[in-house]
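Here is a short set of exercises to work through with the coordinates open beside you. Try each task before reading its solution.

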Amino acid sequence: MSEGSVQRQSEESRAGDHEVRNLTLRHFNSVHYHGTINDIERAENANSGDSVDAVYEGTDGSKPAAVNRECVNTDLIQLLRPILNASHTRDRETSPPNSACFPGTRTDVIRTIVTWADSTLLWNTHVLWLYGYVGCGKSAIALAIALKFERRKRLVGSFFFFQNTGDRSRMTKFATTLACQLAAAIPEAAPFIKKAVKEEPGLLGSSLVAQLRRLVYEPFQAAAKRVRLLKTFLLKGSFLIVIDGLDECEDVQDVQAFIDDMLEFFKKHPLVPLRFFITSRVKQHIQGHLKNDQVRLENLANHCSRGDIDVFMHTSFEAEKLRNPVIDAYIQKHGDWPTKKDKDQLVDHIGGSMIFASALFKYIVDPTDNQSTPMDRLRHTLDMNPGLDTLYAKILSRSQHLPHFFNIISTFALLFEPLPIVGIAELLGIEPFEVVRVLVDLQAIIHIPGADNLPVTMCHTSLRDFLTTESRSGCFFTPPSYH
């Protein structure tokens, strides 16, 4: 390679790095930042006892001026290297779970959680654990709570674990990701985080507990003494961290260490205005540590309303009638569809599972199925055994006869990180169109993005559980040895 080529390559590399830093910075600032810093030196001096107003006040003494806060956040992002797609602000189309509360549903449980978060620390716990079975809507509720407290400017950060997604299914970058979000949401904490990293060169390679203490708990505790945060706490309530899908984290021992240390911290500092809202399935390593008098327990099964499922189904079918000419033609001749009797039977059939309701609806109105009508599929659904397993088997059987079906589905189930269609094809040594041919009829349970370079993802992690458990999946079983 010539000297000129080397120089050009170096310049292109630097330009690429600069663009990545800018994109990263824009992501954190636009999503998590709620204040502005007038002068970088005043921000750096926030740990010297200066008033918070000095950090936020504009040069004219009126509204804040948005200037050099980027320097603080750029440095922290470069130091901490957080996961950018782990929070509630991620693109859920490419970074599952892609679940959100349907309008008009989940009001009871959301009200319960908000009341807890708004209550005084003297009479309630620092931690609330919402637990429930697969598909009952925990991630959707976690998203709703994170968005609500972000609007209230009381969200410190959020982390949505998801199985088989690399760093998002590990604790490796859990503390550093929360620390970056903390610095963006509460700029007063940024100098303390930077100070900890600079004074302890080995901190980023130390234990999860040490990182959480030095990068999250202690910086928040120090920042919480500032006037602005004290006012927010006294007038509105505690700040909140949302952790979803803790059961999907593969680092069992680190999960236990996180829980134990968090509870120990709050035991020593009972008046710190910070709370954790955690969701997960009931797993022994989680239940054994969270079932504690320091934790409020909420079983989502107690909040699964038949009315929520009814609202979802009614609204979804009404919208489908307006856009589906087949249904419109049927109604013109036979009258309203589905009938009240069929709709009531369908709601009873679903029980309290929102993910089951969503998957069933997608199956009934699936536009890719040309072999039957929505009316036929509704009748079949009412005769189907309740539960996701039956639905998964029925949908997978559509593509079972196609070439490479088993290889594609097994690869999809066992990938450590999701791949795009071209990536799956390259891995298997087949053409991308052959992957598309298998997956296109499975869109009720598998999300295929519109772009070739975006990953194919599962609508819900329960599909992976189904495929990797022989007693449940039968002929669709994916043995671990296939890896």
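The exercises below cover pockets, salt bridges and aromatic contacts, each with a worked solution.

This is a predicted model, so local features need pLDDT of at least 70 and side-chain atom pairs count only at pLDDT 80 or more, while totals for chains, interfaces and linings use all residues. Residues are numbered from 1 along each chain as its sequence is written, and side-chain values use heavy atoms, with hydrogens and water left out.

**Exercise 1. Describe the largest pocket and the residues that line it.**

Step 1: Fix the terms. On a 1 Å grid over the protein atoms alone, a pocket is an open set of points where a 1.4 Å probe fits, with protein on both sides within 12 Å along at least five of seven lines; a lining residue has an atom within 4 Å of a point. Grid points are joined across faces, edges and corners, and the volume is the space filled by probe spheres set on them.

Step 2: Read off the volume, which is about 800 Å³ for the largest pocket.

Step 3: List the lining. It has 46 residues, and Asn-98, Ser-99, Ile-355, Cys-459 and His-460 lie nearest the pocket centre.

Step 4: Assign elements (DSSP runs numbered from the N terminus: helices are H or I with at least four residues, strands are E with at least two). Among those that each supply at least two lining residues are helix H6 (138–151), helix H16 (354–365) and strand S7 (457–458). H16 gives the largest share, 5 residues.

Step 5: Sort by class, with Ala, Val, Leu, Ile, Met, Phe, Trp, Tyr, Cys and Pro as nonpolar, Asp, Glu, Lys and Arg as charged, and the others, Gly among them, as polar. The lining of the largest pocket has 23 nonpolar, 14 polar and 9 charged residues.

**Exercise 2. Which elements give two or more residues to the lining of the second largest pocket?**

Step 1: Start from the space in the second largest pocket, about 280 Å³.

Step 2: Look at its 13 lining residues; Phe-361, Lys-362, Val-365, Asp-366 and Pro-367 are the closest to its centre.

Step 3: Map them to elements. Helix H13 (306–323) and H16 each give two or more, and H16 has the largest share with 4 residues.

Step 4: Sort the lining into classes: 6 nonpolar, 4 polar and 3 charged.

**Exercise 3. Find salt bridges that link distant parts of the chain, and say how exposed their partners are.**

Step 1: Apply the rule (a side-chain nitrogen of Lys or Arg within 4 Å of a carboxyl oxygen of Asp or Glu). The structure holds 22 salt bridges.

Step 2: Take Asp-118 and Arg-152, which meet at 3.1 Å, N to O. Asp-118 is in helix H5 (residues 107–118) and Arg-152 in the loop between H6 and strand S2 (155–160), 34 residues apart.

Step 3: Check exposure (buried is under 20% relative accessible area, exposed over 50%, partly exposed in between; 1.4 Å probe, protein chains only). Asp-118 is partly exposed at 30%, and Arg-152 is also partly exposed at 30%.

Step 4: Turn to Arg-379 and Asp-342, whose closest N and O atoms are 3.2 Å apart. Arg-379 belongs to helix H17 (residues 374–383) and Asp-342 to helix H15 (residues 340–350), 37 residues apart. Arg-379 is partly exposed at 39%, whereas Asp-342 is buried at 12%.

Step 5: Look for shared partners: Asp-118, Arg-152 and Arg-154 are joined into one network.

**Exercise 4. Classify the ring pair of Phe-317 and Phe-361: stacked, tilted or edge-to-face?**

Step 1: Set the rule. Rings of Phe, Tyr and Trp (its six-membered ring) pair if their centres lie within 6.5 Å; planes under 30 degrees apart are stacked, over 60 edge-to-face, and the rest tilted. The count comes to 17 aromatic pairs.

Step 2: Practise on Phe-159 and Phe-161. Their centres are 4.5 Å apart and their planes at 45 degrees, so this pair is tilted. Phe-159 is buried at 0%, and Phe-161 is buried at 1%.

Step 3: Solve the task. The rings of Phe-317 and Phe-361 have centres 5.1 Å apart and planes at 80 degrees, so the pair is edge-to-face. Phe-317 lies in helix H13 and Phe-361 in helix H16, so the pair ties together parts 44 residues apart in sequence. Both residues are buried.
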